Each structure stands twice: as structure tokens, then as C-alpha cells.
Amino acid sequence: MPGSYSATLVVASLLVAVVASYTALTMASRVAHARGVAAGLWLAGGSFAMGLGIWAMHFVGMLAFRLPITVGYDLDLTVLSLLIAIGSSAFALWLVFQKELPRLRLGLGAVLMGAGIAAMHYTGMAAMLMMPEVTYDALRFAASVLIAILASGAALWIAFRLRGDGEHVLLARVGASMAMGAAIVGMHYTGMAAARFPLDSVCGAALTGIPTGGLAWTVIGVTLGVLAVALVVSMLDVRAHVLARSLDKANSELMQLALHDTLTRLPNRMLLGDRIEQAAHKATRNGGSFAVLFMDMDGFKAVNDVYGHHAGDLLLKEVARRILTVTRGEDTVARLGGDEFVMVMDVTRPEEAAEQAQRLVDVLGSPYLVHDTAMHVSASVGIALFPENGLAEHDLLVNADAAMYHAKEQGRNGYRFFESAMNANVHQQLLLQQALRGAIDRREFVLHYQPKMVSPGGPLVGVEALLRWNRPEHGLIAPDGFLALAERTGLIVPIGNWVIDEACRQMRAWLDDGHRDWTVAVNLSTMQLTHPGLIEVVRSALERHRLDGRYLVLEVTEYTAMRDAEASLAILNQVAALGVGIAIDDFGTGYSSLLYLKQLPADELKIDRGFVTELARGNDDEAIVSAIVALGKTLGLNIVAEGVETAEQQALLERLGCDAMQGYLLGRPMPPEALIRSVAHLARS
């Protein structure tokens, strides 16, 4: 019996097949990403939508076939064919849900799914209840089953490969759905071509089965509606999944920011506290111990001041990297802020902590290269042990910090274990630091002046300004009592700036009184010399007090001048350009290069008091002083000897050719009023 096809319904069946294939691939993605109950719901819903789509394509394709007799479809067999399609779809989605899809599983799955689709098709054909029964061309029948198996295998492999999300996956999914739709349609129409309807055949379901009038478009409409709903839900789930991932990423980033240092990416104080607490629980449970190593970078503030904060940040990143190179995987390294780092490490004996501290001191003390500039900092490390030096995070950090400050006081670039006596000293240091911060505003600093004279009888050629702290309830404190702390905290810069300004003010007053042969000398610390604002501070003080630069002398120790000779030379040349005198203090105690010494714009050499003290005791100091004087004279410098306390020392220094002397023999440091009285007394005598 001849048959024909409705071209419109054939195209409609292809469209349904493509949409069903795209839905299947999308559902496979959602099933693969879901977990727990959600995975089961997606599997059930996806199986129904996918199965309905495949079945609808088959059913519309059958309705597109026209016979010259009335045709109907048995309801039971039609529903059975739908259930077979849904079952095959469920199996396919379950297979795609697995983590792996090896070739053997893919092959078996393709056979089972292909057999299911073929069974759906031929069960649907049987629903026509044709009498006599439909016969099939064996070759085309086998071809249709083979196409079903191959199409199923390809569909399974494509669905497994395209389970992810993203723009490139969506485009690939569209192309794959077209190929899969064409394969499914090809299988269906190959199966239909295999069918043979004998002449005078009668459709047994024509009267009792499902009528076909307008049924095709109803099935198409319902199916596309179901598939559309499935796709919309899938898209909403994808958006929700993307949003959830974005929220998870944002939450992770917030946690990273909340618990890690933004510059070095190391744990911050909050995370460090949690790690110390965990280490304490572990050590208590196992009867073990751990060490807290508190690190502070010596000289870091000077790097910030001279090269800027950007260079300082790059240096801190390199410090963090170096610390990690000598750290075990189970250790914790954190940055507390500024140039302070902390390491927490399990130890079985204190020596392990000492060995690690020494490794840190060594690796952090090597030169750094930032922006092609060599920078030098070192590390002071304090060590506190659990449980000997504290049981809580706060106690361990405070005690390790106290030990670190003791390492600094002992010369820096080393480590110290915590001792109970340190806490009292740390408390005193904190009180001292607080008082020191407000001393300038409260005008507690004063300057005393020690005369520089040719001989005890005069004349006076200059004075050296020496800082004193008139601290309430403590009296007059000498520099030894607070300058080290001022250096460590950076307060030496504003204090030093005040000294320059006050010395210029006093020199202006003396000039107004007629003392035009005097100069006033001010000591510069290492931090002041390298501070970028030094030149402006000196210039402003001179202008404010209408003082010519030749009346001010800045004293720099030999060690400070030679610590970074190139940088010192550049800065001192700018100072000299203001007309300000420059003196090299404590000469003979450093490691001066004669080449750089000759290049320095110095006017004066000051012989260290250590040589003067031993001068008259029959040792080699006389020869050393004689050599220094000869060197200074050769370079055209004035020679000043410090620490002159006896007439014998004075006589020797005069004989050796010193231009001026300074020491208790000639006058102790004194307030400006006392200095004027002393000068007047010398003039009368």
C-alpha cells in the first residue's frame, strides 16, 4: 500500500527533534551540576522533558505519513512508547551524570539507549494495529536500529563533553543539537522506509484508538511548551548557579581580605590569632610545644623616608617572600602591619626556634634590589615559647615583642628569647615613648651648649648644641636615656628638626649680642641625614631666623657618612650649597674611604674622644692622632679634639696641631645664659 508525507509535518518533526536534543543537552548539564535531592528532581524532570521531545518527534513523524485509509493509534501502546522514550532518556541522563564515561560504558550505553529508541519507534508503529500486520525490510530495519545506536552513542558522548557552562559551550550545544536532531530524524524515517503495508490493509485502531485529526499540531504545541518550560527552568537554574558561584567567589575574596594582608597575601592578625589558638590546642592535647617568632625590620623607616612608600611596599613583598623560603609547610607566617612579621612553628626543643631565628636573620639581612637600587635592612627577632612564656595568643605575642625589642637594644640584626624581666622594661619603654611623643608640644626639650675653644683661656670659636629632656617629675634627662627610643620609633626626625630650629634661633640671639666669631654645631642622626625633608628644614630655619648658613655646622658621624657614601655625598653637597658647615664627627672609629672623604664637602674633622682619653698614657694613640691631624690639614680641614679633660691632653693636642678643643677641661655643656656668664668671666680674667 503506497504512502506519502506531509512536508510541513516532516519539517515540524525535525524542529521538534532539534529542540528536544538541545533540551536534552541542557538537562544533562543541570543533572551533572546538581547534588542530592536536586539531582533526583532534575533527573526526573529532565527525563520527562527529553523523553517527551523524542517521542513527540517520532509521533509527529508518524502523523506526517499519509495512507489511503483512515488511521488511528492505540492509546495503550502509544503511552507505552512514550514511557519507553522517557525511560531511555532517564538512562541517558543517569549515564551522563557519572564522573567518568569510559569507552566500554559508552558503548553499552549506546546499545541500550539505541535499542530503547528503536523499541519506542516500533512500538509506536505497532499502535496502529494494522491488519494484516506491517512487515519490514530487514536491511532497512537493521539500518534504522544501527542509526539509533550510533546516534545514541554520539548523543551520550556530546552530552558528557558539554556538561559545563559558558558561551563556547552554548554555541557548541546548538551545533550538536542540530546534528543530533538530524540523526534522530534520520533513524525515524529510515524505520518508516523499512515498513511495508500490504494492499487492502485495515487500521484496527482507526475506530477505537486516538483520532489523528489535528493531533499533530496539538502534540507539537504541547511538546514545545513542555520543552520551553524545561529550558526556561534550566536557564534560571544556570543563572542561579552562576550567581551562587559569584557569591561564593565574592565571599571567598572577602574572607581573603578579612584574614590576609592585602600587600603580601600573608595571614593577618585575625587569622594569626586563630592559628595560635589551634597550635595551643594541639600542643596541649599532645603535650607538645611551639614557638612564636616576632620579627621587626631594622632600618625600614629610613627606606620609606628616602625612597618612598612604593619602594617600601616592594621591599616588604620581598621580605615576605624570603621568609617563606625558609619556612616549613606546616608553619604559619603572618604580617601584623608595617614591618612586623610573626612566625608560628612547632618545636620539640628551644634550639629549633633559635636555629630558625638565625636563618631568618641571615636571609633577611642580605641586600635587596628594588628599582635597581641596593637597599639594606636587617631583622631583629624575639622568641616566645608555649607554654613557658604564655598560654594565650595575647601573652605570647606581647612577650615575643618584648624579646624583639631587647634584640634591637643589643645591636639589632639578631634574636633574643623572652625572659620574665623583659615585661617590666617593655612597660617602661611604652610609657617613655608616650611621654616622648608629646615632649615637643609641651616644650620639654632644651639645648645646652658645650664650648669649642682654642685653649682653656680662650678664645671661644663655637659651641655644640646638646639635647636635654626636662621631663616633669624626672628632671633633666641626658640623650642616652631617650635617643635610642627616638631612633627606633622615628621620633628622632621631628626632635632633630626642633634642635636645628632652636639652635638657629639661639645663634641669631648671640649674633645680635655681637658674637660674630661663633658657630653653632648640631648633630645629625642617620635617619635625619637620609630624610627627604632635611634640606628644606635647614633652609627654613635659616630664613626664619635671618641666619647666614656659615654660622650653622651640621655634624655627621664618620659611620653615618660612610654607611651609604654615594647618598651621603649627594645630601651633604646640598647642605653645603646653603653655606652650612659640615663636620665629620667621631673620626677614626669608622671605615672611611679616603676617596670619599676627599669628595665630602666637609670643613671640620672631630677626633673621637676615645683617642684623646688614652692620649697621655704612653700608647699608640699619639701617633694615630698625629696622623689624623696631618690628614685633615692636607685636606684643608679644621681639626677639633673631643673629650679633653686634662691639661696634659691639652698640651699634647696643641703640640700636635689641633685647631680647637672641646671637653670638660674647657667647659661642660650648659644653658645659654650660663655660657654667656662663662665667656664674660674668661674675658675679665
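**Exercise 1.** Which residues does Trp 469 touch, not counting residues up to four places away in sequence?

*Solution.* The structure is a predicted model. Step one: on the lower-numbered side, Trp 469 touches Leu 432, Ala 435, Leu 436, Ala 439, Glu 444 and Phe 445. Step two: on the higher-numbered side, Trp 469 touches Gly 475, Leu 476, Ile 477 and Phe 482.

**Exercise 2.** Place Trp 469 within the largest nonpolar core, and state which helix gives the most to this core.

*Solution.* Step one: the largest nonpolar core has 79 residues. Step two: Trp 469 is among the members that touch the most other members, together with Leu 436, Leu 552, Ile 607 and Leu 653. Step three: helix H16, at residues 492–512, gives the most to this core, with 10 residues. Step four: another core, of 52 residues, lies apart from it and includes Leu 63, Ala 92, Tyr 122 and Leu 215.

**Exercise 3.** Compare the span of helix H13 with the expected value, and list its buried residues.

*Solution.* Step one: H13 covers residues 393–409, which is 17 residues. Step two: at 1.5 Å a residue, 24 Å is expected, and the 25 Å from first C-alpha to last is close to that. Step three: the buried residues in H13 include Leu 396, Leu 397, Asn 399, His 406 and Lys 408. Step four: just after H13, Gly 411 takes a positive phi of about 120°.

**Exercise 4.** Describe the chain over residues 37–57 and 109–132, two ranges that an unreviewed UniProt entry places under "transmembrane region".

*Solution.* Step one: residues 37–57 are 100% helix and 0% strand, with end C-alpha atoms 30 Å apart. Step two: residues 109–132 are 75% helix and 8% strand, with end C-alpha atoms 35 Å apart.

Key: Residues numbered from 1 in each chain as written. Predicted model: local features only at pLDDT ≥ 70, side-chain atom pairs only at ≥ 80, totals over all residues. Heavy atoms only, no water. UniProt positions renumbered as here; feature names shortened; annotations may be inferred. Helix = DSSP H or I, 4+ residues; strand = E, 2+ residues; numbered from the N terminus. Core = buried A, V, L, I, M, F, W, Y, C linked by side-chain atoms within 4.5 Å. Buried < 20%, exposed > 50% of the residue type's maximum accessible area, 1.4 Å probe, protein only. Contact = heavy atoms within 4.5 Å. Expected span 1.5 Å × (residues − 1).
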